[in-house]
Amino acid sequence: KGICILALLCVLCLGEIPEYVINLDESPLTRWNEVLEKFKSGTHALAKAASRQVPTIMKDWLEHEFPTAFAKTYPEYWDELRGFQIALGLPMYDILAYNLMYEFHADCTGILARNAEGKIVQGRNFDFYSHTLYQAIVFMAVFKKNGEELFRCAHYPGMIGVNTCIKQGKWSLGLDGRYSGLPLDSGRKLTMKAINKGTPMVKLEARLAMLKFATYEQAVSGLAAQALANPVYWIIGGLTGNEGAILTMDRNNMLDKWTLTNEKWFLAQANRDHWKGNLEERVTWADQQLEEMTQDGFTYEKLMNDIMLKSPVHRGVTVISCVLSASQDVFDVQIPGSSLQ
């Protein structure tokens with residue numbers, strides 16, 4: 001049944017993204033080489049663009065302090081970064097800037113819904129500047145160990161962290177950047193301080209979570225307890241019933257846990273705290289569309305075509321639109337066209 005649904009959804013794609021296995025049994029220095037070779041020029045261009053966009057306050061720290069702190073805390077992932085540097089022939093500064101882009105700024109939209117059969121479905125739009133550069137290199141990363149698939153993500157070469165993933169038959173994960181209200185440079189100082197202490201970057205923690213947590217319940221409790229380098233919304237989908245949660249995270253603790261209920265069959269999140277009002281148009285419009293669609297009328301196709309690919313949820317900086325369902329093994333990724341759908 002899951003295969004049939006996936007096949008139906010892929011007919012609707014604007015072009016299937018390529019799939020590459022990331023074999024975690026291989027050396028971290030070389031496990032990404034195949035995909036890096038395939039997308040070398042595009043990844044090179046995006047890393048160079050990232051290095052030009054590093055905030056002034058972070059430039060010296062990124063060149064001198066970050067490498068020492070990160071290599072000490074995460075030696076395996078530091079070796080992956082070294083492997084990227086070797087394969088791409090770029091300065092380490094460019095590789096690091098590229099990997100920290102999401103810590104600087106991020107706009108995304110996430111939706112959780114329970115269909116009429118009680119299955120959980122997740123929608124996610126990844127929005128970011130330099131979106132056309134990202135679109136040129138997106139691929140499906142299938143992380144394997146001992147020949148078995150652990151999880152898969154819509155991903156980008158040269159990046160150690162992840163942001164849109166599924167552990168098939170278990171749970172799915174997306175994340176949205178959170179505007180904490182601090183002045184930008186004040187927030188960046190806190191980010192640098194946290195990373196120097198070994199606190200994980202948001203996208204790296206997403207990858208660690210996909211490796212560590214076998215179930216939806218473990219993912220919710222584990223991510224709720226983890227300190228982070230930056231505020232974020234974790235958007236976590238399970239299999240059935242009320243297994244859908246949005247965790248509002250500060251750098252040190254969880255501020256709010258918002259879940260599906262018997263009465264509430266969907267949740268929509270962008271980049272502001274849902275309980276404070278003044279929500280983005282993306283959220284209020286998505287709420288209206290889902291209410292009008294009704295739970296009985298809700299389908300994977302409608303979530304993608306009528307919400308994720310439509311303005312205002314789809315924006316000028318949308319990189320990809322995704323629909324995931326761990327219970328049905330669905331992971332549909334679409335690259336929006338140059339005009340709104």
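The following exercises, with worked solutions, concern helix packing, strand pairing and nonpolar cores in a predicted model.

**Exercise 1.** Determine how helix α4 is oriented relative to helix α9, and state which residues make the contact.

*Solution.* Step 1: locate the elements; α4 covers residues 59-73 and α9 covers residues 184-196. Step 2: take the geometry; the helices pack at an angle of about 30°, and their axes are 9 Å apart. Step 3: classify the angle; angles under 35 degrees count as roughly parallel, and α4 is therefore roughly parallel to α9. Step 4: list the contact residues; α4 contributes Trp61, Glu65, Phe66 and Ala69, while α9 contributes Met192, Ile195 and Asn196. Step 5: sort these residues by character; 5 are nonpolar, 1 is polar and 1 is charged.

**Exercise 2.** Describe the pairing of strand β5 with strands β4 and β6.

*Solution.* Step 1: consider β4 (residues 139-145) and β5 (residues 148-155); they run antiparallel and are joined by 7 bridges. Within this pair, Val142 stands opposite Arg152 of β5. Step 2: examine the connection; β4 and β5 form a hairpin with 2 residues between them, and Asn146 in the turn has a positive phi of about 55°. Step 3: turn to β6 (residues 164-167), which pairs with β5 in the antiparallel sense over 2 bridges. Here Cys153 has Cys165 in β6 as its bridge partner.

**Exercise 3.** Identify the largest nonpolar core and the helix that gives the most to it.

*Solution.* Step 1: the largest nonpolar core comprises 88 residues. Step 2: the residues with the most contacts inside this core are Phe70, Tyr98, Tyr134, Trp234 and Ile236. Step 3: helix α10 (residues 202-212) gives the most, with 6 residues. Step 4: another core, of 21 residues, lies apart from the largest one and includes Trp265, Ala286, Met293 and Val313.

Key: Residues numbered from 1 in each chain as written. Predicted model: local features only at pLDDT ≥ 70, side-chain atom pairs only at ≥ 80, totals over all residues. Heavy atoms only, no water. Axes fitted to C-alpha atoms, helices over the stretch in contact; angles between N-to-C directions. Helix = DSSP H or I, 4+ residues; strand = E, 2+ residues; numbered from the N terminus. Parallel < 35°, antiparallel > 145°, perpendicular 65-115°, else oblique. Contact = heavy atoms within 4.5 Å. Nonpolar A, V, L, I, M, F, W, Y, C, P; charged D, E, K, R; others polar. Pairing = 2+ DSSP bridges. Core = buried A, V, L, I, M, F, W, Y, C linked by side-chain atoms within 4.5 Å. Buried < 20%, exposed > 50% of the residue type's maximum accessible area, 1.4 Å probe, protein only.
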